[in-house]
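I opened the notebook today to look up metal sites and aromatic contacts. The entries below follow the order in which I went through them.

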Amino acid sequence: MNFRAPTDTIARLRFVLENIPSPQRYQWSTAKRTEVLKELYASFWGTHQETFMVRTPLPPGVLLSQIQQESPTFSDPVESLGQPCGHIFKKGENCYRCRDCGLDDSCVLCSQCFHSSDHTDHNVTFYLTQQPGGCCDCGDPEAWKTPITCQYHRSPERSLAPSWRPQPVRSAIPQDLRDSMSRTIAYALDFVLDTLDFSPEEMTHPTTEPELKSQVTACPTPTDSYAVVLWNDEKHSFDDVIHHVQDATGCSPQAASDVADRVDAEGRDIVEISLSIPRLLHIAQTIAQIDLGVTVRRVFDTCREEISATIIEWLLDLSSCRIGSDAVTIREIIAAELYTSRKKDSSSLTSNPDAGKVYGEIEKPARLHWMFLYHTRLWKRPRLNLKQLYVALLSISRDHKLAIATHFATVYHRIIDAYLLVDREIETSIKYFAVQLFTVPSVAAHLVRNNDIITRLHSIITAFFTNQVTDKRLTLPPNRVAEIDVDSAPFRSKRFMPVFSDLRYICTNSTVQELISSNPLYIMQFCKVCQLFMGVNPNKRAAATHVEYETDSWINVFNVTLSLSRVVKVYGEAFVKGTTQQLVYVIAHVIGFILSVCTLSERQLDRMKYFPIAFHDVEFNGALYNIVDFDVLTGWVSFHHSLHWLLAELFKHVDLLRDEALSEIGYRNLSDVITRNIRDQAFLIVLDFPLRVLAMTAQIRNGLWVRNGFAIRGQLLHYRDFMLRELCYDQDVYILQCCFVILDPSIVIVSVLDRFQLLDWFSGGTEHPVYEGPQLSGMVEEFLYLLITCLSETGSATNLQMHDIVKREIVHGLALGPCTHTDLTKRVAERIAEEASFDRALKEVSNFKAPDGISDSGIYELKDEMYDEVNPFFFHYTRNRREEVEGILKARQQKKTGETTPVLVPKPLGITSGPFSILSLVFHSDVLLQVIFFLLHNVVSYTNSADVASPSVDALVDQGLHLVMLALVEQPEPFSQLAARKSFKEGRTLIHELSDMELNDKFRSSKPKVEWCLTKMAGYVPSQVGLLRRKPEASEDRTSKEDAKKRAAKARQEAIMKQFAAAQKTFFDNFDEDDMDDEGDETLDAEPAESLGVCIMCQEDVDRSRPFGALGLIQPSKTLRWFPEGDSFIETLAETISGPSTWDRPLATSQHAPTAAEKGKQKRQARPVSKFGFTGFPPKYFRFGLHNSFCGHFMHMDCFAAYNHSIGQRHQQQPQRNHPENIERREFVCPLCKSLGNVILPIPEHPPLIKPSLTAEKSVMADWMRAVGIEALKAPLDRKLAALQYPNGTGEFVFWSAEDSDYPRPRDDLGWDDGYKMLTTLRTAAQNVSSQSAHLRDRRDPPSGERGAGMYLPEDLCAYTISSIEVAQRGIGNAGSSIAHNMNDTTIRLIRSTLACLSGLAALQFRDRPDGGRTAIRLALLKRVLPEWVREFKQPLLLRDPFAVLVESAAVASDMLQPMTVLLYYASLARTTIGLLMQFHQAKVPSMLPPADKQYSHIFGDVGIFVRSVARHAPQLDQVVEYILSALTEARFERLLYAHSLPFLRRAAILKRAITTTTLPTPSPTNEPDEYVRLLDLLEIPPLRDLAQHESILNALGGWSAHFGHAYSPAQATIKLEYTGSYNLTQLPYALDSLIDEGTALVCKRCNTAPTDAAICMLCGAICCFQLHCCVDPDNQAQGECNMHTRECGGIIGLYFLVKRCAMLYLSAENGTFGPSPYLDIHGEVDMAMRRGHWQYIHPQRMEELRKTWLNHGIPTYIARKLEPIADTGGWDTV
Ligand SMILES: [Zn+2]
Ligand SMILES: [Zn+2]
Ligand SMILES: [Zn+2]
Ligand SMILES: [Zn+2]
Ligand SMILES: [Zn+2]
Ligand SMILES: [Zn+2]
Ligand SMILES: [Zn+2]
């Protein structure tokens, strides 16, 4: 072999491609891909590289389009006006469908086009594309009913842009470049085809060595090197594949997992290459065990296939490349080469066994034919690439569309072969390309005319279902006499459905409709197809014994029927384009087809089950009728009569069948058409088959077929259910209705009676040999239902138009009561709900009530006037619904007119033209009169003989009277006369019966109707009525009195029920309410003798006689936020300066305020997405701590122990279940409210007392400080206490640390005292968190061996909890109260209890002192704040959190809370000042800040003086203070000081409220707008402005500042400030679709891709991959990215919005749950997973609810409550 490459580029390309799979270089690799691409490009552009905007050699492996898009000369293709959009969808993109504009459901728009065209008030849905390869139809005139006026693709004339000028679409291209491009593409295509010639179609593997070696190969010198390739399919999971690959090859789990990933992404992967044939065969065998697709083929061929895939990738890329501004020419060249034949010089064609066949079938096959045929031989990635390439070519022009469609159609049947019989991976089959072609009207018409596609589809269906298959190919044309077998493979396959759809797509085109109606050939062919399925799968009633073996082949048959009946409808509808002549011709022939099947002259019907038609004579109404003889109880009856359905559809063209139209072609009327074309009674045969089904369904519904088991009920449900109802059942009924105007109505009624076996009953007999009791009356009811429908349903008879049909259905759906959109779509037929005009019709007839709460949905209510349109006997109502609606209508009428007994009079039919204008003549029939007579007669005599009226009797009477009323509305005179004249039994007439009923008490409820009928008849036959109708006696009076009594009783009962319902609602509302949002209306008076309620276990009162505690949850939290630095610093600073100054009132602006304009126009709001993700809060600044909460319920300690024991038992009994609580963490779920808990804490007997306050008078404060100063001086040194303080001089106490090593163990002296036990639950919970979270704390632990390790509870638990409560209250409250007033009982108890635990922990250290060490700690705290003692401590006070010190004093010395509050407030003020100075010292003062005016002088006085005095002692701060004050301005500094010190006041107020026993005063002055002032007043703190008068405080302040100044060095301590704003979740965009449009902007930072399933962290805005293989924890393969991110972000809790699923994900520890999304659709409903595809918008109330749940630390409990009632299996750590 010559390894010197030739110099001619194409020859060189050939040389390289042919030699890549050389024996030395078998392995496929990215290097080879690069090499192939390099040669392809070199050959492609020859010497014209620069023409393609490529200046330098392409980087390895990079494709041209990428380089072009990065090129500066590549401008946006805005000049494409007049060109279609053709945007090709990637997987997971938004796809918009407008049912008003689109020609059919396949017409879609891309996001850009949709948003720049106007669809106001249109029925629009959107969905996410599941597969790449569809294309935007914008600009394609054939896709839209009205032209889409997208601003980018509107036709040039319509362009409004003045700057637009037509541009030459094509560039001038040198001939040599054109040549090299063509030749390269041609060669590349041939290479692909030559390779695929040898590829197998089915992915099966050889089992023996000879078999292996005998495989065809393209290799000229075959060697024994083989490759095992694993192929993707649609049924195996990742785990299956990984397991078997590992098993077979012995590779590592990682390697196997990589194989699985590649197989999933690419469609196949080489598992192993080897020379060892036995090993390879073994591997193949092992993997194939579970029916995975495996091949073992020569490496040479496998490698060539990989090259082919690269070529396809390259071609697809070329299709989006340009030459200069010319984006068309390259595509045209590719297309031209595809339309050309292969170059014959390749020798390989003959070695492919299929090639010959194809040559036989297609004259001069083009490359494109081959590509279509070989599609199955490729795998997922190249298949999808090819499909996208074809779509790109389609969009060049209409001619190309036609050309590609023609090629496709030529081999369509072979494509179907592969699709139906061979392909493992049909998802990517080229078959689905048909949708894109067959729905284009011009293409469809062309294919029908020139490619005979309809005939071929008929043949395919016939061959497939008659199982005419040889060598996995359908035999075409099929043998016409073959029969079908419903148990054979074709019926079990679901793949045929899309084939029917293809036929439907084609026939729906209006151009094809014209062809069908003008050329009867098509419908005749189709009738042949329908014949096949006539009467399949018949049933025979099992009379004596149960059917032993129930097959479910009926399901398959119904699946076929579903597909077929839809096509039937389309064929029938095609005649909307036809003439009367054409229609009549076809009707006659369809009847002919039906007769030839039904009379057994064709072979379709099974002769073992169907017998020749027989007639018999029956006598009724004194006449003989010769009708069909059939017994449904003993004969075989099928549900499937497709030809009848076709006939019914044809009969619906009533406009063409008008008498005038018919007379033009020589017929009198429709009846004449039928009777002249067939024998007299033949039409009775046609009628009989639907009639048998109707009779059978009636019998099934009445329990006469119970022994046939579930199969028969299943069939009934399908036949009559919403999906098939209008395609099958309604069609059968319509055939019957037609008979009433085609045949003599009497013979029709007699036929129906005969089939229902009710002739006897309606002649006066009351027995039936088979029907028993209720079955008999049930059959009568069914019969009447049918009769009423035929005589009153006018939809098809008047050719009601779609919009009116939809309206009518909606009106009748809503008449049952207001409901949601979803419920409404379930009340109407599926097809109705999918109609374009559905939403518009809904708007016309109903009013919408938007949801306002968090758990309700939007509701539609029928407009008042629309009730007039409601017909209770509407044929889509069941009996129950009919009665329900009748009740509703009567009640309305009563209310409106005041009538006590309203009568609902039926509306006249109003049919004025067409065959049904004679329908009402049926009321002249004696036979009908007899039916009505005996109905009433039998019922009356039955009721008279029975004691109680049965409900079915009422229904029968109702139906009978309705018939009478119908007759009296339509034909009052003839019917009245007939009724008066004609007597039946014992000389009685209908008037006799009615008159008797009028006075019969048992029919009281029907009396108004009877009266109405008699009165009406009296107008025509007064004497007869007058004679028979007796005046009712006084009974009238009595009944009305009774009625009145009853009504009163009923009203009373209703009132009671209403009260009850209201009470229940209040109860649930309260139950739902979160603890935190109780309004502060409860009394703050001195607490009465505590009445806490009951123990929720034993239900006994909790009091001091038995130890008890409150259930609570201590959880780690990262909710509080520090003031951010870095990127977000300036932004947050600006927000603080312009933020609200008062938090105890509702905030003015709501986050999402939807405007009408937004809703109407679907305008997208400013995009919140930056390249960093969504605007959330950076997790770096989340503050870690412990949060404590109470659910509000109590338990005795012994009950608590018992309860915990029972939890343990449950865990043991249900080991598989994922329980709501974790017992290792000592968790439990409150038995009453299901809150999660892990502690039970004491409720202090007496709340810690706070003495009447000191008041802020200066002398008092000074006196106190002097007094406590002396107290401190006098006290002796307390060595024990000193040892319990940290040696580092912070003044903190070691026993308050969470992991203190000297926490006493239960020893003799302590015992298992209950107080100690409760304390221990807190200690355990805190210690657990603390020991696992050292990395999250700033606080440094003491050296090991020393006491005091871990979190510091006064600060990290108690202060943290109160701070969280404060934060959650921001923006809540109302005038006249303060944040302290807003605390509810549970919160107060929670704080008291937590403080009590702190003093309890202290007391454990001072068991020898009666005061539990309080005095000693109190002194230590005083020393901490008194200026004369500051130097006793190494650490300055200002480095500690002043609020934590305040908490300490509240715990042990509540008496001094007030002065301590004053001092610590000033400490906090100084600390804040220093913190701010330090921040600007480091960050400099930003220049772009919002303006601020000085407005707090009344609080702070001259803020500059204060700042300077604080900074004075620290030289480094003193140096910068002037700069900062001038750069920032004092006004802004004042504003910042205000914002940062307000939270201290709010928290101090909560604390004060918690330990005060007396009522808090109402804050004054009441009209003070600033919360700050109100709180200073409440806390009795003198404002800074007045500080000059408080020397004692000034002294303290000076002491602390000096202490700090001496100790301060910038490198050392920093003071962190907290975030002062409103705590919000990540802001999601208002409209959901704009979020998905961001698709590519939603990039996961970990894997740097846009996840196909993205989760947005609601805490920080980060994007995570949801359950995707790309992002899993490297240390723990099972853990998914949401869990990983949670650890970095929210700590133990996570809250995510799952974009594609449209749901929330809640995580907490290893548990989790899903919750509803904050988006609601335009109908006010939640749409999980976007199944319905309506517009969705943020619902502010739900968003707020999410925020509350999070902010109140409610996520763990939310999850526990969701998991508690279900058997969850866990796995939440994998997401
Ligand atoms: Zn588009
Ligand atoms: Zn467009
Ligand atoms: Zn539209
Ligand atoms: Zn108890
Ligand atoms: Zn509870
Ligand atoms: Zn996050
Ligand atoms: Zn990721």
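Before starting I fixed one term: I call a residue buried if its relative accessible area is under 20%. I also noted that this is a predicted model.

**Entry 1, ring pairs.** I looked up phenylalanine 1123 and found a relative accessible area of 2%, so phenylalanine 1123 is buried. Its partner phenylalanine 1129 is buried as well, with a value of 5%. I read the two ring centres as 6.0 Å apart and the planes at 80°, which means that the pair of phenylalanine 1123 and phenylalanine 1129 is edge-to-face, since planes over 60 degrees apart count as such.

I then asked how many aromatic pairs there are by this rule. The count comes to 69. For tryptophan 45 and phenylalanine 52, the centres lie 5.7 Å apart with the planes at 40°, so I entered this pair as tilted. Tryptophan 45 is buried at 5% relative accessibility, and phenylalanine 52 is buried at 0%. I also noted a cluster in which ring pairs link Phe1443, Tyr1465, Tyr1466, Tyr1496, Phe1500, Tyr1538, Phe1544 and Tyr1572.

**Entry 2, charges over rings.** I found arginine 720 over the face of tyrosine 729, at 4.6 Å from the ring centre. The charged end of arginine 1121 sits over the ring of tyrosine 1623, and I noted 5.0 Å from that ring's centre.

**Entry 3, zinc ion (ligand 4).** Which residues coordinate this zinc ion (ligand 4)? I listed Cys1095 (SG), Cys1098 (SG), His1196 (ND1) and Cys1199 (SG), at 2.1 to 2.4 Å. The angles among the four donor atoms run from 92 to 122°, and the site is tetrahedral. Along the chain the donors follow the spacing C-x2-C-x97-H-x2-C. Cysteine 1095 lies in the loop between helix 46 and strand 14, whereas histidine 1196 is in strand 15, so this pair ties together parts that are 101 residues apart in sequence. I found both cysteine 1095 and histidine 1196 buried.

**Entry 4, zinc ion (ligand 6).** Here the protein donors are Cys1657 (SG), Cys1660 (SG), His1685 (NE2) and Cys1689 (SG), lying 1.9 to 2.3 Å from the zinc ion (ligand 6). I entered the site as tetrahedral, with angles of 104 to 115° among the four donor atoms, and wrote the sequence spacing down as C-x2-C-x24-H-x3-C. Cysteine 1660 lies in the loop between strand 19 and strand 20, and cysteine 1689 in the loop between helix 65 and strand 21, so the pair ties together parts that are 29 residues apart in sequence. Cysteine 1660 is buried at 10% relative accessible area, and cysteine 1689 is buried at 1%.

Key:
Residues numbered from 1 in each chain as written. Chains lettered and ligands numbered in written order. Predicted model: local features only at pLDDT ≥ 70, side-chain atom pairs only at ≥ 80, totals over all residues. Heavy atoms only, no water. Donors = N, O, S within 2.8 Å, 3.2 Å for Na, K, Ca; no water. Tetrahedral: all angles 85-135°; square planar, octahedral: opposite > 155°, others 65-115°. Helix = DSSP H or I, 4+ residues; strand = E, 2+ residues; numbered from the N terminus. Buried < 20%, exposed > 50% of the residue type's maximum accessible area, 1.4 Å probe, protein only. Phe/Tyr/Trp six-rings, centres within 6.5 Å; stacked < 30°, edge-to-face > 60°. Lys NZ or Arg CZ within 6 Å of the ring centre and 35° of its normal.
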